[in-house]
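Thanks for coming, everyone. I'll put the structure up and then walk through a few spots, ending at the ligand.

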Amino acid sequence: MSAKFTRRTLARLLGGASAALTLPGHDVLASTLEPSPTHTPNPSRTFPSDFLWGSATASYQVEGAVNEAGRGRSIWDTFSHTPGKTHNGDTGDIADDYFHRYGEDIRFMKDLGLKTCRFSIAWPRIFPTGTGAPNPQGLDFYHKMIDGLLEAGIQPFCTLYHWDLPQPLQDRGGWENRDTAKAFADYCGYTVSKLADKVQHFMTMNEMRTFVEQGYGIGVHAPGLRLDEKRLAQLTHYVVLGHGLGLQAIRAHGRPNTKAGIADNLTPPIPVFESPENIAAAHTALREENAMFLTVLQEGRYTDRYLKRLGANAPHFTAEEMSIIGAPMDFTGLNIYQPTYVRADSSESGYALVPNPASYPHMYSDWLKIGPEGLYWGPRLVADTWKVKAIYITENGTSSSDTIAADGQVYDTDRVMFLRNYLTQLQRAVAEGVPVKGYFLWSLLDNFEWADGYSKRFGISYVDFITQKRTPKLSAHFYKEVIASNRVV
Ligand code: FCB
């Protein structure tokens, strides 16, 4: 028989095989999992039956409609409209037009089999000037969108602050002003009181370190400031205080079953290889490298080494503030993308960060170094160190130089490779009993990637930003199979 295959018929057959990717039949998948004389499936690639598979997006990155339904201006409107601040001058004015197209996007989520979806609320849609009178039309949008998720059987996870600070608050000093932390708590309390019948899980903030360092430290994100060390340390303190006050407000205005947490991009220290000494060093590094963010949230105090390092530039704080900041959360959300390698060291700290060579591999975004073990060590160290009972991976994913192929498909094999390797490490953590309850893939759709504008695509669905047409990528089919079979495929 094989002798009859010409090059041309073989090519046609291979073409047929790739077309079949668009229709992944689960019966086909099931049959590949049956034991065969040469192969027995490895059951350890599975996840618990109640594991929550989700996707993640953020308001300014997907919604568009910036001048609709009474929305006020945010620092990202100002920043992206300032010449030279974003790639190509891109803005979030239209983005994915999710404000109007969320129905179509929720159908896609349902088709993927998502159990949950993480989105954020635009503070300036709820309070157009940050404080004062709320804007009912803003809340209406979120009510309708959340109703759509619930009808599709998808659990909403809501982030209250994913960086779109109302511009009038920045005009009064932004996070440098302690009043911003109080205004944030008022916004959290009001929003949660309105949504808690429909939403169980709330996150106060997304990636404190990113918006502090990029926005106020090196000025490459909104509001584009470069504060000195002393001012930045005080601002950082008001940010974590904002989290703590937000947590209090969620507790005060939520329902008995409301769960409150954070979505933090901790620096996940990875033992450069897994010797007992390097693992011990990674534990120490976890607390010290995250001293001003996750550590102070979990412990209610800054580490001695952090305060000593800052010396006269250390923040001013009161005991009362520290107990607000350290109030227990119901869950810890971790956004994990890239690794930080750590080794044991004879220095006073007991650890050293290991630099990467120039040849270290990264994904399409230069910053996105590949380190799948972060999805094992991140949650494991957090659970071991702070006895955290529930962890969610609130973001993980990658950019790719996606293009539409001649057959209309997007073959993002690099993203599939990335996800499969990271999920393999996550499965390792879960199998060892680390309490990871869910995973949110960043992102459902290509979207406005902050200073990179539309030049870096992170979606599992390709968006044509002229026509707004969505095309699920190969990675969407991969993720659908992962969810359907509840295992790494
Ligand atoms: C994270 C952000 C998210 C997105 C991804 C790629 O730092 O939280 O909004 O930009 O990176």
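Let's start with P223, which is in the loop between α10 and α11. When I say helix or strand, I mean DSSP runs, H or I of at least four residues for a helix and E of at least two for a strand, numbered from the N terminus. Before going on, a caveat: this is a predicted model, where local features need pLDDT of at least 70 and side-chain atom pairs count only at pLDDT 80 or more, while totals for chains, interfaces and linings use all residues. Residues are numbered from 1 along each chain as its sequence is written, and side-chain values use heavy atoms, with hydrogens and water left out.

Back to P223: the peptide bond leading into it from A222 is cis, with omega near 5°. There's another cis bond to look at, from W442 to S443, with omega near 15°. S443 belongs to the loop between β11 (436–442) and β12 (461–463).

Now α10 itself, residues 208–217. Eight of its ten residues are buried, and buried here means under 20% relative accessible area, with exposed over 50% and partly exposed in between, using a 1.4 Å probe and protein chains only. The buried ones are M208, R209, T210, F211, V212, G215, Y216 and G217. Just after the helix, G219 takes a positive phi of about 75°.

What does the side chain of T210 touch? It makes a polar contact with the side chain of N265, at 2.9 Å. A polar contact is a pair of N or O atoms within 3.5 Å; within protein, one must be able to donate a hydrogen and the other to accept it, and residues adjacent in sequence count only if both atoms are side-chain atoms. N265 lies in the loop between β5 (259–264) and β6 (269–271), and it's buried too, at 15% relative accessible area.

On to α11, residues 229–253, where you'll find G242. G242 is buried, with a relative accessible area of 0%. From G242 to A95 is 147 residues in sequence and 28 Å in space, C-alpha to C-alpha.

A95 has its own oddity: phi is near 50°, a positive value in a residue other than glycine. A95 is in the loop between α4 and α5 (98–112) and is buried at 4%. A65 also has a positive phi, near 45°. Its loop runs between α3 (59–62) and α4 (75–80), and at 8% relative accessibility A65 counts as buried.

Last stop, the ligand. Which residues surround the ligand? They are Q61, H162, W163, N206, E207, Y337, E395, W442, E449, W450 and F458, each with a heavy atom within 4 Å of it. You'll recognise W442 from the cis bond to S443.

For polar partners, a polar side-chain atom of E207 is 2.6 Å from a ligand oxygen. E449 has a polar side-chain atom 2.7 Å from an oxygen of the ligand, and for W450, an N or O atom of the side chain is 2.9 Å from a ligand oxygen. Taken alone the ligand exposes 290 Å², and the protein buries 95% of that; those areas come from the Shrake-Rupley method with a 1.4 Å probe, and for residues only the protein chains shown count as cover.

That's my tour, so let's open it up for discussion.
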